[in-house]
Amino acid sequence: MVQIMSGKPPHVVADCYGAASVKGKSPFAMNEWLHVFHTYAKGESRVYVNGRLDGVVLSKDAAFALKSPVQMYMGGWRSYGFRGDMDEARVSKVARSADWVRLPFENQRPVQTVVGPLVQAGAELALSEKAITLPERKTTGLTAKAGGARKIYWTIKKGGEETVVANDVFHFAMDAGRVTGDEQRTVQFKAVYADGVKTLEVPVTIREDVPDPLYTLQAPAQWDGRKTIEVVPQVTNLAAMQGKGAGEVKYQWKVSGMAVVKEIGSGKLILKHGQNSGRLTVTVSGSNGGKKVAQSVEIVVKEPAHDTWVQRTPDREEKPVDHQFYARDDTNEGTLYYNGTQTEPAESIFLKLYADDKLIKTETQKPKPDKTYAFAVRLKPGLIHYKIEFGTKTGNAEVVVKTVDDLVCGDAYIVEGRSNAVAYNYGNDTKHPEFTKYTSTWIRSFGGNGEAENPLGGRWGNGVIERLTPTSPDRVHFVGAWCMAMAKKLVDEQKMPICIFNGAVGGTRIDQHMPDPADRSNTADKAHSIYRNLLQRVVAAKMTHGIRGVLWHQGEAASRL
């Protein structure tokens, strides 16, 4: 398989899943067109960027065999997603030469130099202007005559740098753009003749006409990291900018010093949650089309010594199911809810709680006028199997209506990332067969791993480390190898049941794991399926308020997030 991608920092990577893999040496700018070419022949794997050789692997081991027929994906493969534009992709049966690779780049670059213009008659060489002065954001035209020239270029000299801006045209539109303070430039017209190159120059003065934004940042000096606060730019010259039709300021925000939960609003930064104590620096760059103006503000963050545990509100008809896992809260207990509507007549209804088959608690309620009931029973965590019996009582006669068994209470964790977090059971079938088949009543999971077509399939069950097997069809209850080892260690040493939600998906970027930015609780979102599948599992398992921690492992792609 050959996969062409961007590394980090941005550079071209041709990943051949073997010794033929080759990396480009040159970083490239984002948001610009890039011509990329990969060739392979006789142990030579080469990658070209913008017509020039940028990386090569020469080795007899640098071999790969493509299957025939072969599948080809453009802009994405499985969970990989290309974010950008792509044009004129080609596949060849032969390895092209360096000269061949350079030709299509030179022929299609924005300022191509392969062919020239129609040759003008005569021998006159002249420009329509001797000097130019114009305000910023304005445009003026220059017309040239170059009789007999075989090739022509327009360049702009600015600050010691010369940039080709057009070629093979006899009219050039000089765009002043935006400046901060008056600025000097030089437009050059170069004509290539059989006996050499002749150059004409036009000095250009750009006058500043539009003010850049002047502003300060309004923010609280201190923050507890819990209440939502805002950082808002206070622009002092808005009227002056609006008078020039440049009153809209666009901001780019950066937060450093600690991790935060934030949201970028219209003309402001919203800080929702701080994840540490210390000094938080907020930096913003604001521009109304010209130079970016940066400002910073420092906020002292002091988290509370203890966060209040937020209790989940149970559903009106919520009832436990066999094998369910309950998470302990900050009081070192879990809560089992048994809610519903009693349809059959009875003097009272009861809920009995058993620990390791021993009755430890009985709760009784009289039917309400609307026939609803709501039980909330506290569970102590540990290696204890719980069972409940729900029933009715009339006189001395008790009728058990429902029995739910194999309930446990402990700590729940989410594991996320790519293939190293999925932790497939590679090699353990032969190296550690006893581990391959390991499972425990004290290690639970809900639904299927992040790649499962049905994330809710199987509901509650004991965790496994096999995948796509009779014991784990469609990754049901799959927790992964190192995740199982971690859970086993916690059970053995802490005597605490463990629940693992493994939502990792191999070969993915961090942004593919993000939620719907408009509604992170959207469980029907198709564009953010990794987050959606995990969210669906946690919600259906009634564990939204019971996750003890999240473990992220990006894996071998940590250098190209």
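This passage walks through two strands and one charged surface patch in a predicted model.

Strand 17, which covers residues 215-218, makes a handy starting point. In a regular strand, side chains alternate between the two faces of the sheet. Here, Tyr215 and Leu217 sit on the covered face, while Thr216 and Gln218 make up the uncovered one. The strand pairs with strand 19 (residues 229-235) through four bridges, and the two run antiparallel. Within that pairing, Leu217, from the covered face, has Pro233 of strand 19 as its bridge partner.

Strand 32 (residues 443-446) tells another story: Ile443 and Ser445 point one way, Arg444 and Phe446 point the other way, and all are buried. Strand 32 also has neighbours to pair with. Two bridges tie strand 32 to strand 34 (residues 498-502) in a parallel arrangement, with Arg444 standing opposite Cys499 of strand 34. Three bridges link strand 32 to strand 33 (residues 460-462), this time antiparallel, and there Ser445 stands opposite Gly461. Arg444, then, is a buried residue that faces Cys499 across the parallel pairing, whereas the buried Ser445 faces Gly461 across the antiparallel one.

Out on the surface, Asp322, Asp356, Asp357 and Asp405 come together as a negative patch. One of these, Asp357, belongs to the loop that runs between strand 27 (348-355) and strand 28 (358-365). Asp357 counts as exposed because its relative accessibility is 62%, and the cut-off for that label is over 50%.

Key:
Residues are numbered from 1 along each chain as its sequence is written. This is a predicted model: local features need pLDDT of at least 70, side-chain atom pairs count only at pLDDT 80 or more; totals for chains, interfaces and linings use all residues. Side-chain values use heavy atoms; hydrogens and water are left out. Patches are made of residues with over 30% relative accessible area and no salt bridge: like charges are joined within 9 Å, nonpolar side chains (Val, Leu, Ile, Met, Phe, Trp, Tyr) within 5 Å. Accessible areas come from the Shrake-Rupley method with a 1.4 Å probe; for residues, only the protein chains shown count as cover. A salt bridge is a side-chain nitrogen of Lys or Arg within 4 Å of a carboxyl oxygen of Asp or Glu. Lys and Arg count as positive and Asp and Glu as negative; His and the chain ends are not counted. The place of a charge is taken as NZ of Lys, CZ of Arg, CG of Asp or CD of Glu. Buried means under 20% relative accessible area, exposed over 50%, partly exposed in between (1.4 Å probe, protein chains only). Two strands pair if DSSP finds at least two bridges between them.
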